[in-house]
Structures are given as C-alpha cells and as structure tokens.
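Colleague: Could you take a close look at the salt bridges in this one for me? I'd like to hear which charged side chains pair up and how buried or exposed the partners are.

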Amino acid sequence: MKTLITGGTVVSSTGRATADVLIDGETIAAVLEPGSQLLGSDLKASVDTVIDASGKYVIPGGVDPHTHMEMPFGGTNASDTFETGTRAAAIGGTTTIIDFVTQYPDQNVLDQYHLWHEKAAGNCAIDYGFHQILSDIQDASLTAMDELVNEGVTSFKLFMAYKGVFLSDDGQIFRAFQKGAENGALMMMHAENGSVIDVLVQQAITAGNTDPVYHGLTRPWQMEEEATHRAIMIADVARTPLYFVHVSAKQAVEQIAAARHRGSNVFGETCPQYLYLSLEDQLGAHSDQWGDFEGAKWVASPPLRSKHEGHIEELWRALRTNELQLVSTDHCPFCMNDQKELGRTSFAKIPNGIGTVEHRVDLLYQAVATGKLSLERFVEITSTTPARMFGLYGRKGVIQPGADGDIVVYDPNGHTTISAATHHMNLDYSAWEGFEIDGRVHTVLSRGKVIVDDGRYVGARGDGVFLKRGLSQYLV
Ligand code: URP
Ligand code: ZN
Ligand code: ZN
C-alpha cells in the first residue's frame with residue numbers, strides 16, 4: 001500500500017518546504033521536491049492513494065506524552081477509555097500518546113504495568129507508550145524500575161502532593177532518583193508541596209469555604225515553586241535528569257530555567273489549560289446549571305492560576321525560549337454528572353483533572369495563528385520534542401525516510417469551534433466550550449493508514465500498537 005501526499009507545505013521543527021511525501025506500507029519512504037523524477041516519471045500513477053495537500057500544512061503526527069485513560073482517581077475512573085480517548089486524540093491530530101500506569105500504595109508495580117497492557121491492547125486508535133507512576137517506593141518498586149526500562153517504559157513519575165495517595169517523601173524521592181540515574185530513566189515530578197496544601201485545604205473547609213474556587217486558593221504558587229526547587233536540588237545530588245509535568249506557575253519556570261542555565265538536565269512541560277485559562281474566569285465561574293459549582297469543570301492540580309499574577313504570559317514566553325520544552329494535555333477527564341459532582345459539598349472531593357486530548361494540536365495551532373509561536377516551534381513542541389524527550393524520535397516526531405507514516409494534513413484555512421456537542425471525548429462538558437480555532441485537522445495517517453479523512457474518523461479500534469521506548473534523546 002503506497003500513499004503520496006502531494007503539494008503541501010511540509011513543516012519540521014527547523015523549517016518548511018513544499019514537498020511530496022511518499023509512504024510505503026507503514027513508513028515514510030521519501031520526501032521529494034515537487035515534480036521530482038527520482039522515483040519515476042509518474043509517481044502519482046504508481047501509488048494506491050494520492051492525498052492532495054495543496055494549501056495545507058503537512059506535519060508530523062502529534063505526540064501527547066501525558067494522558068490518564070481510565071485512571072482510577074478521586075473515587076472514580078477517568079471517563080475516557082483507551083478506545084474513546086485515543087479515537088478523540090486521533091481526530092485532533094495526535095498519533096501517539098504516552099499514558100501513565102498508576103501504582104497506588106501497596107500495589108505491585110509490575111502487576112499494574114501488566115494491567116495497563118490489558119486495558120490498552122487491541123483498543124487503541126493510535127500508538128501508545130507508558131510511563132510508570134510510583135507511589136510506594138520500596139525495594140520491590142526500585143527493582144521493578146530496571147525491568148520496566150528493559151520493557152521500554154523509560155520514565156517514572158513521582159508526586160510531592162496528594163498525601164496518603166501518591167505523595168513520596170524526600171528520602172523516597174532520592175532513592176528513586178538514584179535508581180533512575182543508574183538505569184538511564186527520565187524521572188518526572190508533580191511538584192506541589194502536599195503537606196502544606198493539606199493544611200490549607202482543611203482550614204478552608206473548616207471555615208466553610210467549600211466551592212471549587214478554593215481548590216485554587218489553597219494551592220498557592222509558592223508551593224509549586226518550593227517543590228520545584230526542592231526536587232531540582234535532590235536530582236542534582238542524585239545526578240539524575242528531571243522532567244517537571246504540568247508546570248503552571250511562572251516561579252516554577254524560573255527554577256527550571258535557573259537549573260538549565262547551570263547546565264542541568266532539567267526540563268518542563270506545560271498544558272493548554274495553564275496557557276489559556278485562569279482561576280478567576282474558570283475556577284470562579286458561575287452558571288445557571290451548576291451555580292458556583294461550575295468551576296468544578298476546571299479542578300485539576302496544580303490549579304489554574306490567578307490571571308493577575310502574570311503566569312500565562314510567562315508560560316508562553318518560556319515556551320518560545322525553550323525554558324519549557326513542550327506541551328502535553330494531562331488528559332484526565334471526569335464528567336460533571338456523577339463524577340465531578342462527588343465534590344458538591346467540598347472542593348477537596350472533586351476528582352482532579354481536565355479533558356483536552358482532542359484539542360491540543362488545535363489549541364497550539366491557534367498560537368501560530370495569533371503570532372505567539374512560529375509554525376516550526378508549534379511542530380517542535382507538539383511532536384518533535386515529545387518524541388525526543390521520551391525516546392521515540394526517528395520513528396515519531398519527524399517526517400523523514402524511515403519514520404513511521406504518522407502525518408497530519410492541517411488546513412490553515414479551515415475553522416474549528418470547540419464544543420461538548422461536537423467533541424469525541426467521553427465527557428459531558430467541554431473545558432474549552434466556544435473556543436474558536438483558525439485552522440482544522442483535515443487528514444490524519446497513523447503508520448501509513450488514513451484514520452481521519454476530512455475531519456471524519458475512518459480508523460478502527462486496535463489500529464494502535466504499544467511502543468517500546470528508548471531512553472531520552474534530549475539530554476545534554
Ligand atoms: O489534576 C490532575 N492533574 N489530574 C491528573 C493527575 C496528575 O497529577 O497528573
Ligand atoms: Zn501530576
Ligand atoms: Zn497527569
């Protein structure tokens with residue numbers, strides 16, 4: 001099966017050119033100048049499918065390295081299964097996700113890893129890899145880290161928040177970091193000071209402050225800055241590379257930038273919610289349907305920050321200057337009905353998470369349309385760097401011979417209006433309701449197969465395969 005994508009502008013992280021892309025089977029065979037006779041005088045006639053990409057961008061499929069499909073959390077399960085979540089991702093131009101295998105205290109790491117394989121195998125629309133969450137760091141978990149690296153699970157997330165659920169103390173963090181330094185894994189950190197936050201949460205509840213907005217007010221940026229600094233110092237002593245997930249505060253960015261300036265392998269991602277949304281406008285929202293509980297739609301940790309503190313502007317700046325390296329979604333959807341509603345009487349009981357896996361590429365493209373990011377940087381932060389950061393580059397994140405045929409034909413003249421009425425995530429509301437995008441995902445190929453055609457899903461459950469990842473290719 002040969003496919004030729006003709007006449008489009010092929011965009012990489014370093015440039016753009018009008019070119020034709022030939023895909024043979026599952027992989028890219030050639031990137032050719034228009035009219036090239038290199039592979040014969042009538043290439044179009046010799047292939048099975050021709051996709052006309054004139055007037056459109058041809059970009060490497062999105063790589064979203066932070067999702068939680070079906071995650072058991074907050075007394076319920078994230079509402080997207082691997083089937084529904086990866087299908088929505090595909091429609092939105094993402095062709096690879098890296099999902100988090102979850103270990104709760106007393107759970108065996110390898111049992112959980114096998115369970116995640118059972119959940120995902122045969123259900124995914126796109127390719128997928130795994131990170132491992134560690135919440136019970138003792139000898140067996142540390143030994144399991146070595147086994148998982150050999151299995152292609154080469155990154156591990158630890159938490160400084162969620163006491164009694166995920167939180168590791170500094171000694172446990174140090175031990176896991178040392179193991180990562182030994183086996184080459186990339187350590188990932190949820191940086192918020194959970195002990196202090198727990199006191200603030202209890203004080204708010206005692207004072208009768210139970211609305212969703214207090215979720216934000218009890219998790220101040222100082223606690224993200226402090227934890228970020230502490231983790232960097234611990235990683236420095238353990239000599240391990242460190243990657244911060246879902247960075248939301250400008251002060252955390254400053255810590256990451258300072259460490260990078262010193263030459264450390266310290267990295268950070270942010271997410272669309274921290275780039276566009278705020279504590280006041282979302283967590284503090286009111287609606288006819290939900291009253292002050294409307295803000296529950298955006299309860300996630302770290303929380304949306306105050307728009308008056310200037311985080312949003314600094315996050316965009318940091319993305320441009322590579323103080324932050326990429327944008328993931330932290331896709332962790334919970335419906336308002338029956339799920340977010342668990343926290344009707346107290347914000348502390350609202351399941352934490354926002355669903356965005358379908359919209360990441362569009363929301364970042366909008367930054368190109370409005371002049372915040374170059375087209376090349378957009379490709380870099382949505383595809384190329386996530387692939388490099390997590391050991392997938394060469395196969396994913398780039399349009400070049402030998403790479404998987406994971407390609408998005410993006411229409412800059414198209415238009416997308418985001419709405420729960422039209423999205424494909426298994427979610428009864430949209431955190432992005434009414435957002436307008438000056439572009440549209442037109443066609444998506446996953447390993448050479450067209451899975452989205454003119455915005456319509458035409459793939460099949462089980463198209464996606466597990467990706468055994470290598471070590472990070474981003475270290476300096
Ligand atoms: O609120 C969030 N971020 N939920 C998902 C779990 C996590 O910490 O990433
Ligand atoms: Zn987290
Ligand atoms: Zn997460």
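Modeller: Sure. The structure holds 23 salt bridges, and keep in mind that this is a predicted model. Let me walk you through a few of them.

Start with E376 and R16: they form a salt bridge whose closest N and O atoms sit 2.8 Å apart. That pair ties together distant parts of the chain, since E376 belongs to helix α14 (residues 375–389) while R16 is in strand β2 (residues 16–24), 360 residues apart. The two ends don't fall in one accessibility class. E376 has 14% relative accessibility, so E376 counts as buried, the limit being under 20%. R16, with a relative accessible area of 47%, is partly exposed because that value lies between the 20% and 50% limits.

Next up is K297 with E294, whose side chains meet in a salt bridge at 2.9 Å, N to O. Here K297 is at 12% relative accessibility, so K297 counts as buried. E294 counts as buried too, at 9%.

Then there's R317 and E323, with side chains meeting in a salt bridge at 3.0 Å, N to O. R317 has a relative accessible area of 27%, which means R317 is partly exposed.

Beyond these pairs, there's a network to look at: salt bridges that share partners join E26, D127, R395, K396, D404, D406 and R447 into one network. In that set, the acidic side is E26, D127, D404 and D406, and the basic side is R395, K396 and R447.

Notes. Residues are numbered from 1 along each chain as its sequence is written. Chains are lettered from A and ligands numbered from 1 in the order in which they are written. This is a predicted model: local features need pLDDT of at least 70, side-chain atom pairs count only at pLDDT 80 or more; totals for chains, interfaces and linings use all residues. Side-chain values use heavy atoms; hydrogens and water are left out. A salt bridge is a side-chain nitrogen of Lys or Arg within 4 Å of a carboxyl oxygen of Asp or Glu. Helices (H or I, at least four residues) and strands (E, at least two) are DSSP runs, numbered from the N terminus. Buried means under 20% relative accessible area, exposed over 50%, partly exposed in between (1.4 Å probe, protein chains only).
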